[in-house]
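The following exercises concern aromatic contacts, strand pairing and backbone geometry. Please attempt each task before reading its solution.

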Amino acid sequence: MSEHPNDYIKPELMACCGAREIRDGDRVIVGTGFPTMAANIAKHTHAPNSVMMQEAGSYDAVPRRPALSVGDPCLNPGAAMIGGLVEIMGMFLQRGWVDVGFLSGSQVDKFGNINTTVIGDYYNPKSRLPGSGGANPIGSLVKRVLIIALHDTRRLAEKVDFVTTPGYIDGPGARERWGLPKGTGPWALITNKAVLKFDEETKEAYLASYHPDSSVDEVVKNTPWDLKVADDVHETEPPRADEIRVLREILDPNRMIKIYEGRGYV
Amino acid sequence: MSKVMSMKEAIEKNVSDGSFLYIGGYIARPPFSAIHEIIRQKKKDLTVTRSNAADGFDMLIGAGCVKRFIATFLSLGLYGLARCYRRSIEKGIPHKIELEEYSNLSLPMMLMAGALGMPFVPVKDMLGTDLLNIKSFMGDNKYKMIDSPFDGSPTLLVPALKPDVGIIHVQQADENGNAQMWGIGGDCRWGANASEKVIVSCERIVSRDVIGLDPSRTIVPDFKVVAVVEEPFGAHPGYAAGFYDVDFIFGSLYQKASNTVEGFQEFLNEWVFGVADRTEYTQHYIEKFGYRQFENLKARFSFSPPVSYEY
């Protein structure tokens, strides 16, 4: 097998991009789908001492099937600790013990603010979305937020319709002014075209790497703000053989990740 | 004194039009049998709350029972957006519910404050977002921003919640209401204890002696409990750890049905109004899907090693 198998699909590449942002020893709060796959790839490759938790109450679970919700019964047997929302969201997250969290949303803006509440006017919405759930506290309180999003000019926005989850709010210093903990906030925005990182000074998302089959021009064209490009911008490293092996042989033998292609992650 | 009664009686006696209800469970142990009974009795103008609400709340909204929802989230999870909820907010069908929105940190903390008799609790989330810019029926009492009296830092306070009735489904309880739960907890412990009184539905009733063999698992003490209902399969299509799995096939059935108003009504006619109680519901499930599918939902059998509380 070559070092970079060439039969991967874009969601697999995105899961690998997420995995690479996780460091050994990180405590990671995950939902279902992408986050779990990314965190598990990391755990089975470069970050064996990372550990996952789910907001509904499970810590260091050993599921026999991919969890289909954060309260899935497969997260019960074998977990190291089971509590509830107050333990995970309060005792772990609010207390500052969680390093990484994954989020996604219907809209994401240049400061990494996320909308999962409404499209259109709040009181007379075009489309009512689920609401915050655990997204706001995760975006408020984990050290590094990894955002997964579709890359087009509807999903990415200069400004979201409703800020459900804080990114850098309206720019430098805003999180601190509001009293959010120091050293927290968006870390990377992983899309189906690119990986964007956040500028330390302006707090705006900039292009760090474009995926194979995309380009700087294509990413810039599909981003609705004046996207800055890193001096060392480069092509995203494709999935490595060890990452793909973990994904397909251990984590996702039925390749459920393909459903993301149907949702536009191509 | 035994508080054992039927679900019909428990809801009739304890839930009134206009009641404020905490309804526990998220995939884990949702009290579906109670939710169906509330719909059957056509309760209305309810205020309801829970973190991460799902199909049960969608159903109550679609059936027209809900006036106000203190919310963090409502979706059908795997099956996408909640259909009745969207129809209510977007189109006023059957009517537009009023919403007050928090998060899965702040709402459980508000219930914890209610349970502990605290008037409010400081939280570190929601800051800088539109969740603070929208207010509904709670008005200025949705939250307060203060400078911390200790270090002057901006601090968000959210109010304690004290529902009139907490409704939970647990694995086992005794006749007086000592309720024992295991597995993923969600906000159940705090939601039940924040409430003035609690309806406990359970997979099995056990003796007080059995409760005493493993008292660490008790999440609600008997004095808070006004009704105990033995309701096997009472959390279906959610799960009860150690008893049965979540029913993904049924979840898909609900999603398809609730796509339209007519489909949702047919669903209620079949699964709520068409059956008298949980026993008939379970019989109908077995008749419709076969005993094999019902058996397939049953949990594996794997006891934890016993622990000793002796000294």
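**Exercise 1.** State how many aromatic pairs a search of the whole structure finds over all chains, and classify the pair formed by Phe233(B) and Phe294(B).

Solution. The search of this predicted model finds 27 aromatic pairs over all chains. Rings of Phe, Tyr and Trp (its six-membered ring) pair if their centres lie within 6.5 Å; planes under 30 degrees apart count as stacked, over 60 as edge-to-face and the rest as tilted.
- Step 1: for Phe233(B) and Phe294(B) the ring centres are 5.0 Å apart and the planes stand at 85 degrees, so the pair is edge-to-face.
- Step 2: Phe233(B) belongs to the loop between strand 12 (225–230) and helix 8 (248–258) of chain B, and Phe294(B) to helix 11 (residues 291–296) of chain B, so that this pair links parts of the chain 61 residues apart. Helices (H or I, at least four residues) and strands (E, at least two) are DSSP runs, numbered from the N terminus.
- Step 3: Phe233(B) is buried, with a relative accessible area of 5%, and Phe294(B) is buried at 13%. Buried means under 20% relative accessible area, exposed over 50%, partly exposed in between (1.4 Å probe, protein chains only).

The model is predicted: local features need pLDDT of at least 70, side-chain atom pairs count only at pLDDT 80 or more, and totals for chains, interfaces and linings use all residues. Residues are numbered from 1 along each chain as its sequence is written, chains are lettered from A and ligands numbered from 1 in the order in which they are written, and side-chain values use heavy atoms, with hydrogens and water left out.

**Exercise 2.** Determine which cluster includes Phe233(B), and which charged residue lies over the face of Tyr281(B).

Solution.
- Step 1: ring pairs link Phe233(B) into a cluster whose members include Trp271(B), Tyr281(B), Tyr285(B) and Phe294(B).
- Step 2: Arg278(B) lies over the face of Tyr281(B), at 3.8 Å from the ring centre. A charge sits over a ring if NZ of Lys or CZ of Arg is within 6 Å of the ring centre and within 35 degrees of the ring normal.
- Step 3: Tyr281(B) is buried, with a relative accessible area of 0%.

**Exercise 3.** Describe the surroundings of strand 1 (residues 20–23) of chain B.

Solution.
- Step 1: Phe20(B) and Tyr22(B) point one way and Leu21(B) and Ile23(B) the other way, and all are buried. In a regular strand the side chains alternate between the two faces of the sheet.
- Step 2: strand 1 of chain B runs parallel to strand 2 (residues 46–49) of chain B, joined by 3 bridges; two strands pair if DSSP finds at least two bridges between them. The bridge partner of Tyr22(B) in strand 2 of chain B is Thr49(B).
- Step 3: strand 1 of chain B is also joined by 3 bridges to the parallel strand 8 (residues 165–173) of chain B, where Ile167(B) stands opposite Ile23(B).

**Exercise 4.** Which residues does each cis peptide bond join, and where does Asp213(A) lie?

Solution.
- Step 1: a cis peptide bond joins Ile93(B) and Pro94(B), with omega about -10 degrees. Another joins His236(B) and Pro237(B), with omega about 10 degrees.
- Step 2: Asp213(A), although not a glycine, has a positive phi of about 80 degrees. Asp213(A) lies in the loop between strand 14 (205–210) and helix 6 (216–221) of chain A and is exposed, with a relative accessible area of 75%.
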